[in-house]
Amino acid sequence: RLVYYQAGTLEKLVINMRTGKLISRKSLSPKPLELGSINPSYAGKRNRYVYMAVMDEIPRASGVVKIDVETGREVGSRFFGAGCFGGEALFVRKETENAASEDEDDGYVVTCTHDENSGDSMFVVMDAKSPELDIVAAVQVPRRVPYGFHGLFLTREDLSSL
């Protein structure tokens with residue numbers, strides 16, 4: 001199983017690992033998607049969810065969608081509204097006592113948005129489990145963050161091991 005991205009499309013490819021032959025190919029969304037993110041604990045492992053920016057007009061994202069790659073369906077979305085655009089959608093996992101017992105989507109999706117009508121820029125935190133990707137926090141930032149800006153989030157443990 002492989003999730004494949006090309007020119008604004010997200011496809012699921014199933015490949016026979018012994019022969020290298022393509023078994024099936026299925027589009028997972030009709031939307032133009034970019035800048036995907038998964039729970040970093042699942043990097044290199046079988047994962048179920050991917051969070052992607054909806055890129056109706058590059059480099060401005062009109063929203064974020066959550067795709068279930070097992071079912072091939074969109075299971076969550078948040079759109080920013082008229083004249084408001086975001087960037088890369090990053091998954092940040094919740095820190096819990098027992099990481100092994102947490103669900104893959106137990107965390108947050110974060111992005112920076114810019115309202116072109118008001119000039120306001122926000123750092124937005126969304127609940128990754130919510131079907132509407134409910135906003136749980138939004139902090140106004142003092143300067144505009146450029147569309148397409150990339151980021152990375154590390155835990156305290158990650159930082160202390162550097």
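**Talking through the cores and some single residues**

Author: In this predicted model, the largest nonpolar core has 12 residues in all: Tyr49, Tyr51, Val64, Phe80, Cys84, Ala89, Phe91, Val109, Val124, Met126, Ala128 and Leu133. Two elements, strand 5 (49-54) and strand 11 (121-127), each give two or more residues to this core.

Reader: Which other core is there, and what does it include?

Author: There is a second, separate core of nine residues, with Leu28, Val54, Val65 and Ile67 among them. As background, nonpolar side chains tend to be buried together in soluble globular proteins.

Reader: Back to the largest core, then. Why is Leu133 called buried?

Author: Its relative accessibility is 0%. Buried means under 20%, so Leu133 counts as buried. Leu133 sits in the loop between strand 11 and strand 12 (135-141).

Reader: What is notable about phi of Leu133?

Author: Phi there is near 45°, which is a positive value in a residue other than glycine. Leu35 also has a positive phi, near 55°, and is not a glycine either. Leu35 belongs to strand 4 (residues 33-37).

Reader: And Cys84, what does it touch?

Author: Leaving aside residues up to four places away in sequence, Cys84 touches Ala61, Thr113, His114 and Asp115.

Reader: Now a charged one. Why does Glu11 count as buried?

Author: The cut-off for buried is under 20% relative accessible area. Glu11 has 15%, so it counts as buried. You will find Glu11 in strand 2 (residues 9-15).

Reader: What makes the pairing of Glu11 with Arg25 a polar contact?

Author: The two side chains make this contact at 2.7 Å, and the limit for a polar contact is a pair of N or O atoms within 3.5 Å. The distance therefore meets that limit.

Reader: Let's turn to the surface. How do you know that Leu162 is exposed?

Author: Exposed means over 50% relative accessible area. Leu162 has 79%, so it is exposed. Leu162 lies in the segment after helix 1 (156-160).

Reader: Which residues form the nonpolar patch on the surface?

Author: The patch is formed by Leu152, Leu154, Leu159 and Leu162, which together have about 480 Å² of accessible area. Joining a patch takes over 30% relative accessible area, and Leu162, at 79%, therefore passes that cut-off.

Reader: One last thing: where is the cis peptide bond?

Author: It joins Ile58 and Pro59, with omega about 10°. Pro59 is placed in the loop between strand 5 and strand 6 (63-68).

Definitions and conventions:
Residues numbered from 1 in each chain as written. Predicted model: local features only at pLDDT ≥ 70, side-chain atom pairs only at ≥ 80, totals over all residues. Heavy atoms only, no water. Core = buried A, V, L, I, M, F, W, Y, C linked by side-chain atoms within 4.5 Å. Buried < 20%, exposed > 50% of the residue type's maximum accessible area, 1.4 Å probe, protein only. Helix = DSSP H or I, 4+ residues; strand = E, 2+ residues; numbered from the N terminus. Contact = heavy atoms within 4.5 Å. Polar contact = N/O pair within 3.5 Å; in protein donor to acceptor, adjacent residues only side chain to side chain. Patch = residues over 30% accessible without salt bridge, like charges linked within 9 Å, V, L, I, M, F, W, Y side chains within 5 Å. Areas by Shrake-Rupley, 256 points an atom, 1.4 Å probe, with all protein chains shown as cover. Salt bridge = Lys/Arg side-chain N within 4 Å of Asp/Glu carboxyl O.
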